[in-house]
Structure formats: structure tokens, C-alpha cells
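I wanted to go through the chain pairing first and the DNA contacts after that. These are my notes, in the order I looked things up.

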Protein chains: 2
Amino acid sequence: MQYLSHMAQKTEPPVSTASEEPAWKQRAVERSTKAAKLRAEKRLVRFLDAAQAIITEKGTTDFTVQEVVDRSSQSLRSFYQHFGGKHELLLALFEDALARSADQIRAAATGRSDPLSQLKVAVQLLFELSRPDPAAQRPLFTDFAPRLLLTHSVEVKIAHAPLIELFTEMMVRAEAAGQLRPTIKPRRAAALTMQTIMFIAQSNGVSDDETVNPISADEAWEFCAMGFAHP
Amino acid sequence: MQYLSHMAQKTEPPVSTASEEPAWKQRAVERSTKAAKLRAEKRLVRFLDAAQAIITEKGTTDFTVQEVVDRSSQSLRSFYQHFGGKHELLLALFEDALARSADQIRAAATGRSDPLSQLKVAVQLLFELSRPDPAAQRPLFTDFAPRLLLTHSVEVKIAHAPLIELFTEMMVRAEAAGQLRPTIKPRRAAALTMQTIMFIAQSNGVSDDETVNPISADEAWEFCAMGFAHP
DNA sequence: ACCAGGAAGAGAATAACATTCTCAGCGGAG
DNA sequence: CTCCGCTGAGAATGTTATTCTCTTCCTGGT
């Protein structure tokens, strides 16, 4: 159900065999493979759950593979059988977290009818979810996205897709209601807003013993919605 | 001249001795220390230059301490004599880069008289400077800031100070000219704008073989200035 | 000119991780 | 029942940062 998608191709046989091997053999192999595949998936989930638990426990994505292995009572051997490396694990969790968050936000937003109100709710919730360690479950650990943005930008983008889509939908509705600035396209507005919110929440989260910062969700919302210039 | 500031206290004797030791001794020690201090600074600079060279060469902040040591023809021993660790080196370079960028941006902005125009120029230049590897010299390597934001948020904030200050000045002028939305304080507007621009430029930099993104400096500017809502 | 002590170089030692490899046992499909 | 792929256990490897040892050198004070 959860933890799906992007490592799928790993277990898929190469398409080429489809035309080289008779269909019956295909099916036979597939049938005998299915069980194994299920077993594999179970193990996979155990790794993912363990990792998730560790992350929420110590509020950081700096865990060691060994920790995950121990926690899930499996072996390194097995870990690398299922994941290309630590980064795949992280990407899986990241993707999952973003997808869930998208659902959660969507749910929260349906309470409002006015497109802009929906966006406001969405933005504020996204802001909360994006800040590090609100002691809450499943912080978005947007913190580790940057490191992967350099090495796996494509995957990160894929992970972002659900949120982008959600925000785009909302922006489209806002546009239809004439609430969107005419010079900006919904998808662009969505992307810009999301990035702004996520990053600001992130960089803002660490405690400020000092004078200033703690930018609030409201401020962030106002900034995205109205900019800083006087109309 | 350059590469100054935040590791200064390292070589400063503890203030306490000032009251415990006679002043003449202080001065004597200081005099005899001065030369050594200069020598030390030379080495320091060699490390920093070497690191900077490596970074601009391979366009990433993922170098090893060994590389820096070799490149500067010095020794590990010496490196750790001068720096508390790799992170101090990075912070030094980061701080320096941000300070220079602030100067550069300030210079570019003085060409305009209208506060908003100045801001626009500033924002667009900041955007360019913040994107990874424009093959240009000294990209802001804003990429590594995130990793340090967690472990050394205070230092990162210090490094950001010059830019924040610059943008705040400009926002203040804009406010005076009635070009700033009344509900937003200059310093906040500055912080929000900076973060937005830097992060968007950053995450946007990596090549998009696909359909969409490449958010432009203009788009980013418009977003910050006017938000997305229809007035 | 001479000496003590603080830097510096060379590079080995340590530590923490990720990733890979070896070997032996297990369990399911035929 | 038997074979083979999947596992567990954990050793081995490789990369880095960081520390440590020992020796050499230079400098400033006498």
C-alpha cells in the first residue's frame, strides 16, 4: 500500500525477454516469482519502518545503515539486496513522506470553499510539516533533500510531484476564481510557493536564542500571497 | 584583507589574563607574538586559497581535507593547527563568499535610483550568484549551507548578516518611498526575499532535461515582489 | 652565538561509515 | 528429497576526517 513506486524497475525482468521467450514460460516464471516478491516486499517494509522509527525518534536523518539493519533484525547482506544504497532508502522515505503530506494537506484544505482560503490552509500546514522536529510524527525531513538535490535531482523531483500537483490544482481553482495574479501561471505559482514555504520553514526551524527571526506561518503565507511590493 | 573574521577568537589570548598580568608583559608577549601571528595568517590564507581553487575547479564543495593540504603544500598537522576542522574552513569560505557577493550586489544596485529598481537588480544578481556552477568564479555554493544549518546555525546566520543587512537597507529605502507593502517590516521582507531567492535559484540550477521548471530570475523577482494573489 | 620551545612536516594510527564479500544455513519449488 | 536463491552473521575494504608521534626547523630571548 505504502512505500511503493520508484524502486520498482529493480525487480522487473528486462522487457527484451518478452519477445524472446514463449509466453507460457513467462507466466510460469512470474508465478513462481510472485511469492518471493511478496517476501521481499515484507523485508523492504521492515527496513523502511525501522528507518522511519529511528528518524522520528532522534529527529534527524543522520542514522547509520547498521542502525536500520539492527532495528529491523535483518542483515546488511539483505539491506543491499533490497536497496541500491542508503540514498535509495532515504528517497523512498522522502517520497512517501511527501505523498502522505500531500494527502494530509489536501484533506485539511477541503474544509474551505474559497480557493485562496484553501491555499492559505495548505500553505500553513505545509509550513508546519516542513519545520524540523516539531516533536510531531513524520517531520518532512526536508533537511536532507538538499544533499540529494545535487546527486539525484530527478528522483527528488519525482518525490515532489504529488505536492506540486496538489498546489497546482489549488492554484488553478484560484485562477478560475480570478484570485490569481494574471501574469503568473498556476504551475509556476505552485512551484514557487512550495519551495519558498518548505525552505523557509526549514531554515527557520532551528532555535533562535537571539533577537529576531522566527518567521511565522502567517508571515510566510502573506509573503507568498502578496509579495512585498505595495500595489 | 579578505578571509577574516570569525575564527579570530581562536588566536586571541583569554581576556582574563588582561587583569591578572601586568600590562607591560602583555605588550611584550603581544609583540613577540605578532610575527608568529602573521606567519600563521599566511598559512591560513594558503589553505583557504587552495580550497577555493579546488571548489571552483570541480564545482562542488565535496573536497577532502587531504586535497586542500596537498594543494597548499602544507601538512595535516598544520591544517588542524589552524582550523577546528573542515567545517571551519567551509564556514570561512562561505562567509567570505557571502560578504563579497553582498559587495558585488551593492555595487550593481547603485546604478539605479528607484528603490524597487535597486531591489530588482539585487534580487536578479543574487539569483544568478546562487545557482550552482554557472562556470563562473565563486558560485555561492549555497548548496552546502543546508548541511551546516543544522549543526552550526549560528555561524551560518553570521555569514548571512552582510546580505541581510544589504537587503534590509534597500527595503528600508523602499518603505520610505512608500513602495513597501505596509503590513510587512523591512527586515522581514529582506529575510524572506533572500531565502526565497537563494533557495529557489539553488534547487532550480540542476539541469532540467524535461518539460518544465527552469524558473528564471525574472519570475523569482516577480514572485517575491508581488506574490501570487490578485489584488 | 646558543638554547628552549613552539610550529611544521611526514605520515602512521584511529574512528566512523558505507559498501562489498565470504561462508554457512534455511526453506520453498520442482 | 534436493537444489538454489535468499539470509544472517560478520569480516573485509575503502574513504574520510581527525588525532597522534616523532623529528626537524625556525625564532626569539639571553
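Started with the area between the two protein chains. In this predicted model, chain B and chain A bury about 4,400 Å² between them, and carbon and sulfur atoms give 63% of that. I then asked which residues of chain B carry the biggest share: B:Arg181, B:Leu192 and B:Phe228 supply 19% of the area that chain B buries against chain A, more than any other three residues.

Next I pulled the contact list. It has 48 residues of chain B in contact with 48 residues of chain A.

Then the polar side of the interface. I get 4 salt bridges across it. One I looked up is B:Glu222 with A:Arg181, where the closest N and O atoms are 3.2 Å apart. I also get 18 residue pairs in polar contact across the interface of chain B and chain A.

Which helices of chain B build the side that touches chain A? I find H7 (115–130), H8 (145–151), H9 (153–176), H10 (186–205) and H11 (217–226), each supplying at least two residues. H10(B) gives the most, with 12 residues. By class, I have that side of chain B down as 26 nonpolar, 13 polar and 9 charged residues.

Symmetry check. Chain B superposes on chain A by a rotation of 180 degrees with 0.1 Å of shift along the axis, at an RMSD of 0.1 Å. That is the relation of a two-fold axis. The same surface serves both copies, as 100% of the contact residues of chain B recur in chain A. I also looked for the residue of chain B that comes closest to the rotation axis, and that is B:Gly227, with its C-alpha at 1.9 Å.

On to DNA strand D. There are 19 residues around this strand, and A:Arg43, A:Ser75, B:Val65, B:Tyr80 and B:Lys86 come nearest. Of the strand's atoms within 4 Å of the protein, 69% belong to sugar or phosphate and the rest to bases.

I went through some phosphate contacts of strand D one at a time. B:Lys86 has a side-chain N or O atom 2.7 Å from a phosphate oxygen. For B:Val65 a backbone N or O atom lies 2.9 Å from a phosphate oxygen, and for B:Phe63 a backbone N or O atom lies 3.4 Å from one.

Elements giving two or more residues to the surface near strand D are H4 (76–82) of chain A, together with H3 (23–58) and H5 (76–82) of chain B. H4(A) gives the most, with 5 residues. My last entry is the class split there: 5 nonpolar, 9 polar and 5 charged residues.

Terms used. Residues numbered from 1 in each chain as written. Chains lettered and ligands numbered in written order. Predicted model: local features only at pLDDT ≥ 70, side-chain atom pairs only at ≥ 80, totals over all residues. Heavy atoms only, no water. Contact = heavy atoms within 4.5 Å. Buried area = accessible area lost by both parts, 1.4 Å probe. Salt bridge = Lys/Arg side-chain N within 4 Å of Asp/Glu carboxyl O. Polar contact = N/O pair within 3.5 Å; in protein donor to acceptor, adjacent residues only side chain to side chain. Helix = DSSP H or I, 4+ residues; strand = E, 2+ residues; numbered from the N terminus. Nonpolar A, V, L, I, M, F, W, Y, C, P; charged D, E, K, R; others polar. Least-squares fit on C-alpha atoms with pLDDT ≥ 70 in both. Near = heavy atom within 4 Å.
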